[in-house]
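This report addresses the strand pairing, burial and confidence of the model shown below.

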Amino acid sequence: MAAPSLLNWRRVSSFTGPVPRARHGHRAVAIRELMIIFGGGNEGIADELHVYNTVTNQWFLPAVRGDIPPGCAAHGFVCDGTRILVFGGMVEYGRYSNELYELQASRWLWRKVKPHPPSSGLPPCPRLGHSFSLYGNKCYLFGGLANESEDSNNNVPRYLNDFYELELQHGSGVVGWSIPVTKGIVPSPRESHTAVIYCRRDSGSPKMYVFGGMCGARLDDLWQLDLETMSWSKPETKGTVPLPRSLHTASVIGNKMYIFGGWVPHKGENIEASPHDCEWRCTSSFSYLNLDTAEWTTLVSDSQEDKKNSRPRPRAGHCAVAIGTRLYFWSGRDGYKKALNSQVCCKDLWYLDTEKPPAPSQVQLIKATTNSFHVKWDEVPTVEGYLLQLNTDLPYQAPSSDSSASPNMQGVRMDPHRQGSNSIIPNSISDTMNSTKSEHTAMKGTSVKNKPDLKASTDSSAILHSSLATNASNHNSSVVDMLRKSEGPHTSADIGALSSCLDLRTVIPETSVSSTVSSAQTMVTQQTIKTESSSTNGAVVKDETSLTTFSTKSEVDETCALPAAKISRVETRAAATPFSKETTSNPVATVKAGERQWCDVGIFKNNTALVSQFYLLPKGKQSISKIGNADVPDYSLLKKQDLVPGTGYRFRVAAINGCGIGPFSKISEFKTCIPGFPGAPSAVRISKNVDGIHLSWEPPTSPSGNILEYSAYLAIRTAQIQDNPSQLVFMKIYCGLKTSCIVTAGQLANAHIDYTSRPAIVFRISAKNEKGYGPATQVRWLQGNNKKAPLN
């Protein structure tokens, strides 16, 4: 975590949609990139449900239906997958609730649920200010404030320290309440405290941590409940304990519990000697407790609070949500105006990155040309951009005579250092769109990103300075796999080598879906094929449940290269290269293998880029600007270098947030095309039939002449694959002019099941013209998680 002086708070100043009115006592949870807010009060208790999309910076009001609960404040609010549970809270002054509601956010459907009462004892009484925490299939209710008077106008407070367990049914509904028997000293009664649940990686015992709260006076005690033994204890802590407080928030990211805001003593006194407001004040202090070491660290102390608008102003009764490693804070009250007899509430949204982002996935190739790559990588949540870098070997020089490989050459296997990302087609042909768990599904001519935003919008605080925008939506998708000839013995089967001197590309195949998406040129067939990562023609569909509506704006159209980032100068891994040692005018190629320098391609807002150039960093200092806490050079002072044909390039990517540049991804290696060879086949489809499976594809979009034949290959089981699973051996299963073939059950029985990610059978398809075989399409046909034979 950054030092307190380096905390990079960001206020969201550009957003769209209906912003909720300012309030306090509301609650929030996260579902993926969505922050969902319910309840709270200020000039009346709010009853609407608001959603904020942290990716598109858009507020919206979903059309909820069903048993819509009344507005409430200081209630329990937890999220289990895509369902949300609401318990208790204040529904009007002096009147509290003990009702339980469930929201199925995938359909925005509310339902009132009635848990069975405990087998011994009464169910929880109406209350507010309690904690309601989820772990596994159980919610844990502790404490709160009840009204002793039956007359809601006569509020007689009673602080609670009772403890309940609520068992949930899988997916929807609840079983009932129980009252666990606990050991040890129970925490004192309190309300407006916080409770979080954390389980250390090296021990399987989850623990609930209760901090602070109000019981006539604010508290600063920390309690721990072991949920396996049901034993209460007070852990000894190190460091400076935060001031006593209530109406604060506690959020767990990694192994840290972050405490922000709340009511604290005005001058450090620990008792509320009088009801006057001057005795207590709101705070913007910020600390965390390392839950592994039980050590407190102060990030912003009360004495560090300032009025410079560089961080959230003091507040209490706000909400906090962790999305990835980022904390979001919204609204809350920051004082009390006696003359108006009303709360003073904030109406601002802030976020803070608590640590550098994780490494992205390996760079994947969508399309390679003779002098450019269209690449992508998986999105990392809550980042401000991506730094893309490359380095290179000597370029391949085209031979004087036709040296294209015959498809009958022996023993090709994959170099484990040169694997690209593979497309995956599962065998769940009959699955429906509504039940799909795909991350990406490709569709022709359309980019649909399933988000809850009703129209595209962006937060100017998250957008970096754009210097290049490229429309790459017409590119045909492909991913490069670098292959080399097998040094091992060949099998008795017909082992096909697709190329001896050319590296094979892997095309991400087009897949078909059974549901129609309202958009031009969408391809619809009778089959549904789920994919882990697929795209064609620069289009991507991201299905994340029916939480959202479809947007037809192309993600690729929004791609922009941004001012460059700091260059990492040394790469220790020297990948093997199939290239000749002939010299070239490429200035990067003069760098020796052990001295390769990583060069910046740029910083990109989105997870896709069209790469035709990179930047060379000359000796001497560069002008420096900042992105978050990352120093970046001034690209306008750097020399550009074009990509050249027939050359291998290594890529890596790192994500950037307010804490700086995170670690780089694993290295991917791709090669620009050599003029004259055909492109890779596209739009691969797999379907079952009585004889086995039907494998079909479409011709390359760049045939570079007449296609003479296609060859299809199947990865097969061999002894050398068992010794090294990453090195695949392929058997040719088809050669001809047709763009489809039948793969028999007998051939599939010999297939290798690749377990490098999800279990799959691997196919490759390549096209041949007058010059020879071009790059190959690779697809992975998902086989489920069992090791049964295909088609079972």
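## The β11–β14 sheet

G144 has L160 of β13 as its bridge partner. This pair belongs to the contact between strand β12 (residues 138–147) and strand β13 (residues 157–168), which run antiparallel and are joined by nine bridges. The model is predicted, and the pairing reported here is that of the predicted coordinates.

Both strands belong to an open sheet of four strands, ordered β11-β12-β13-β14 with antiparallel pairing. The edge positions are held by β11 (131–135) and β14 (174–178); each has a single partner strand, so one side of each is left without a neighbour in the sheet. From one strand to the next, the twist averages 20°. Strands of a sheet pair through backbone hydrogen bonds, in either a parallel or an antiparallel arrangement.

## The β19–β20 hairpin and S251

Strand β19 (residues 249–253) contains S251. β19 pairs with strand β20 (residues 256–260) in the antiparallel sense, over five bridges. The two strands form a hairpin with two residues between them, and G254 in the turn has a positive phi of about 65°. Within this pairing, the bridge partner of S251 in β20 is Y258.

Is S251 buried or exposed? S251 counts as buried because its relative accessibility is 8%, which is under the 20% limit for that class. Leaving aside residues up to four places away in sequence, S251 touches K256, M257, Y258, A320 and L327. Y258 is therefore both the bridge partner of S251 and one of the residues in contact with S251, where contact means heavy atoms within 4.5 Å. The burial extends to the strand as a whole: four of the five residues of β19 are buried, so β19 is largely enclosed by the rest of the structure.

## The β51–β52–β55 sheet

A further open sheet consists of three strands in the order β51-β52-β55, again with antiparallel pairing. Its edges are β51 (682–689) and β55 (740–744), each with a single partner strand, so one side of each is left without a neighbour in the sheet. Averaged over this sheet and with direction ignored, neighbouring strands are turned by 20° against each other.

Six bridges connect β51 with strand β52 (residues 692–698) in the antiparallel sense. One residue pair to inspect is S687 with its bridge partner in β52, H694.

## Positive phi outside glycine

Two alanines merit attention in a backbone check. A74 has phi near 55°, a positive value in a residue other than glycine. A74 is located in the loop between β6 (65–66) and β7 (76–80). With a relative accessible area of 14%, A74 is buried.

A294 likewise is not a glycine, yet its phi is positive, at about 55°. The loop that holds A294 runs between β23 (286–290) and β24 (295–300).

## Cysteines

How many disulfides does the structure hold? The number is zero. A disulfide is a covalent bond between the sulfur atoms of two cysteines. Among the cysteines, C139 counts as buried because its relative accessibility is 0%, whereas C199 is partly exposed, with a relative accessible area of 24%. C139 falls within the residue range of β12, 138–147.

## The chain as a whole

The chain has two helices and 58 strands. Of its 792 residues, 58% count as buried. The exposed area of the chain is about 31900 Å², of which carbon and sulfur atoms supply 50%. Among contacts between residues at least 6 apart in sequence, 71% join residues at least 24 apart.

## Confidence

The mean pLDDT of the chain is 74, and 67% of the residues reach 70 or more. Which segments stay under 50? Residues 268–278 are one such segment, and the model has 16 contacts beyond four places in sequence for them. Residues 395–594 also stay under 50 in pLDDT, and for this segment the model has 589 contacts beyond four places in sequence.

Methods. Residues numbered from 1 in each chain as written. Predicted model: local features only at pLDDT ≥ 70, side-chain atom pairs only at ≥ 80, totals over all residues. Heavy atoms only, no water. Buried < 20%, exposed > 50% of the residue type's maximum accessible area, 1.4 Å probe, protein only. Areas by Shrake-Rupley, 256 points an atom, 1.4 Å probe, with all protein chains shown as cover. Pairing = 2+ DSSP bridges. Axes fitted to C-alpha atoms, helices over the stretch in contact; angles between N-to-C directions. Disulfide = S-S within 2.5 Å. pLDDT = per-residue confidence, 0-100.
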